[in-house]
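Thanks for making the time, everyone. I would like to walk through one model this morning, beginning with a charged feature on its surface and then stepping back to the whole chain.

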Amino acid sequence: MKKYRYNIDNLDCANCAREIEEKLNKNKKFKNVVVNFNTSKISYESNENISIKELNELVKKVEPNASVTDNEVKQEKEYHLSILLIGVSIGLLANFLPVSNIIKTILFIVAYVLLLYRTTINAIKLLIKSKSINENALITISCIGALAIGNSMEGMMVIVLYTIGKILEEKAINNSRKSIKNLLDIKQPYANKKDKDKITKIEVEEIKLNDILVVKKGEKIPVDGIIVKGNTSLDTSALTGESELVYVQEKSSVLSGSINIGNVIEIKATSLFENSTVSKILELLEDATDKKTKTETTIAKISKVYTPVIIILAILIMIFLPLIMDISYKESLYRGLTFLVISCPCAIAISIPLSYFTGIGIASKNGILIKGSNYLDNLVHSNNIIFDKTGTLTEGKLEINEVQACDGYDKAEILKIACSIESKSKHPIAHTFVQYKKDHSLELEEVENFESIAGKGLKGDINGQTYFIGNKTLFSQDINLENNKMSTTVIIGTENEIYGLITLKDKIRDETPSTIASLNAKGIKTTMITGDNEATAKLVADEIGLSNYYADLLPQDKVNIVSNAVSKHHDVAMVGDGVNDTPSLARANVGIAMGLEGADVAIETADIVLLEDKLSKINLLVDLAKKTMGKIKFNVAFCLSVKVILMILGIAGYISLWEAVLIGDMGITLLVVGNSLLLAK
């Protein structure tokens, strides 16, 4: 089953997006239809090749103004201000000109036709084609009702204020979409391909593996690659959220989306565009708000019956209010129309997805990829975060911590021999010695007869002497490692003599203790799981301030611990490196992968990906999730409470029609949209 994604233009109503989505999901040709109001995109899966024309016909049955296109939506929703001004002018003339009542009525009808025709046509089309009603019907009924009972000027004010509100609302939504789009504008639209001495500008989609690409100052790196010529500084903030520049040179790996701010460099493409880091990020962000949260799903279910119930209540008010209160049926009709206007559900329908959309956009700006707004919800409720040790709480890279030389031997000489022999090996521990050699500019000895002894270590000849480097099984002597049991120890010597011990230790990340302390202060339980022995685990746990940890674990043991935590605490987050911890990340309610190492596995498995190995971003992520949910709860509570109060006042006769649309519809909508966008601050 193939997945399709198109842009959808003139989608100015969150309720309309929901209705299109529900309608298409009932069609057997479509599967997993998602209409994303925030990004103005529609996606679905299908075994059939459905044309855009056919898709448009189905969409327009629900929302006549919407149109599906495979081109980028550039044009904002157009409200015809000229018609609005003409309609208002005619209405004002009808109200103030000293003419007969017949002329006044004719002028008001003309004004209403100009102002209300689009809203009325949309309401009628929707009613005929999909047998449903929305806010267009509520506004149409209210305005025509006001005209019918002689409140012509107030009815006109309703549609004028409603139209102005839609203009302002659309501006706010479009500004949000643009700001997020600009924020995520990390794709380089072209590449400079070098073929011998000729440079040709090509589309990034045309890049092939091993192509040589020239990246000039100010350009983004088009695909992942390796520098083959030159050196420069890169701005990686679009990927990691960090403003500090990264220096790169020949043989350095570089990621697509990074901006070259220094010298011209040449890179060799190591990935196609569709497999590059920037492509994966953009795909993830496009899909992020497609996944509906429980909150959005609940609101969608309520919305199905909301408008019909409101209309029934309004009719009941019009019929029975004169029986309860000492008012005429004309006044009762007026109050029922006011009730309809106040009840428009736009504010809630817009503010919830917009809050999630803004939160995900802010996270991406800070180098945090969230695959769906539902994971923000899960994170808010997670009161237990489980951390893998190696590569998460620690840097995952061994460094030389201590050198113990036996009597008569020099530490510097021991290190020189060790680095010389280890440089021939491809074992992960050898990387530590290679890095030490680079950092300290050691001159290595020539090694002959190098041999790797599986499970034990290495051996090699230097200046005619055979040396052994490895664990104690490589040596016949009885070696006491009791004092070194919390670290990895490499022994160096000859067949008959031990020269010394080199202790390697995994460094704890600088921000780990403060991150754990901050999470604990928030009331979040933190737990470490590791395959290391009890002594090593306790040492790390004590150093970073963790009281809960599990040691000597196999991968399946880690999954069992996460599963038990999920069954007890329900919402559990797991933080790992995204490679060895894949099963545990998948089992947790929220799987969070560290860094871009093993990016393929991390991006595929985890629900949230940190694009930089900074554990402190867990705190930022938790705070952002809570603030996003806080905005949503406030918006819903604010909308409901204000609308209920205004409904009561409207029924009691204290709210006029134009005040109902100014405060109860347009005013509340703009306030909650603005409040949602405040997350960006």
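**A negative patch, a strand end and the overall picture**

Let me begin at the surface, where E395, E399, D510 and D613 together form a negative patch; please keep in mind throughout that this is a predicted model.

Take D613, one of the four residues of that patch, which sits in the loop that runs between strand 26 (608-610) and helix 21 (617-652). Is D613 buried, exposed or partly exposed? With a relative accessible area of 32%, D613 counts as partly exposed, because that value falls between the 20% that bounds the buried class and the 50% above which a residue is called exposed.

My second stop is A405, which belongs to strand 16, covering residues 394-405, and which is likewise partly exposed, its relative accessible area being 29%. Which residues does A405 touch, once those up to four places away in sequence are set aside? The answer is K411, I414, Y499 and G500, and, in addition, the C-alpha atoms of A405 and L501 lie 6.5 Å apart in space although the two residues are separated by 96 residues in sequence.

Turning to the protein as a whole, among contacts with a separation of 6 or more, 66% are between residues 24 or more positions apart. The secondary structure amounts to 22 helices and 26 strands, and 51% of the 681 residues are classed as buried. Finally, the accessible surface is about 32000 Å², with carbon and sulfur atoms contributing 55% of that area.

Methods:
Residues numbered from 1 in each chain as written. Predicted model: local features only at pLDDT ≥ 70, side-chain atom pairs only at ≥ 80, totals over all residues. Heavy atoms only, no water. Helix = DSSP H or I, 4+ residues; strand = E, 2+ residues; numbered from the N terminus. Buried < 20%, exposed > 50% of the residue type's maximum accessible area, 1.4 Å probe, protein only. Contact = heavy atoms within 4.5 Å. Areas by Shrake-Rupley, 256 points an atom, 1.4 Å probe, with all protein chains shown as cover. Patch = residues over 30% accessible without salt bridge, like charges linked within 9 Å, V, L, I, M, F, W, Y side chains within 5 Å. Salt bridge = Lys/Arg side-chain N within 4 Å of Asp/Glu carboxyl O. Lys, Arg positive; Asp, Glu negative; His and termini not counted. Charge placed at Lys NZ, Arg CZ, Asp CG, Glu CD.
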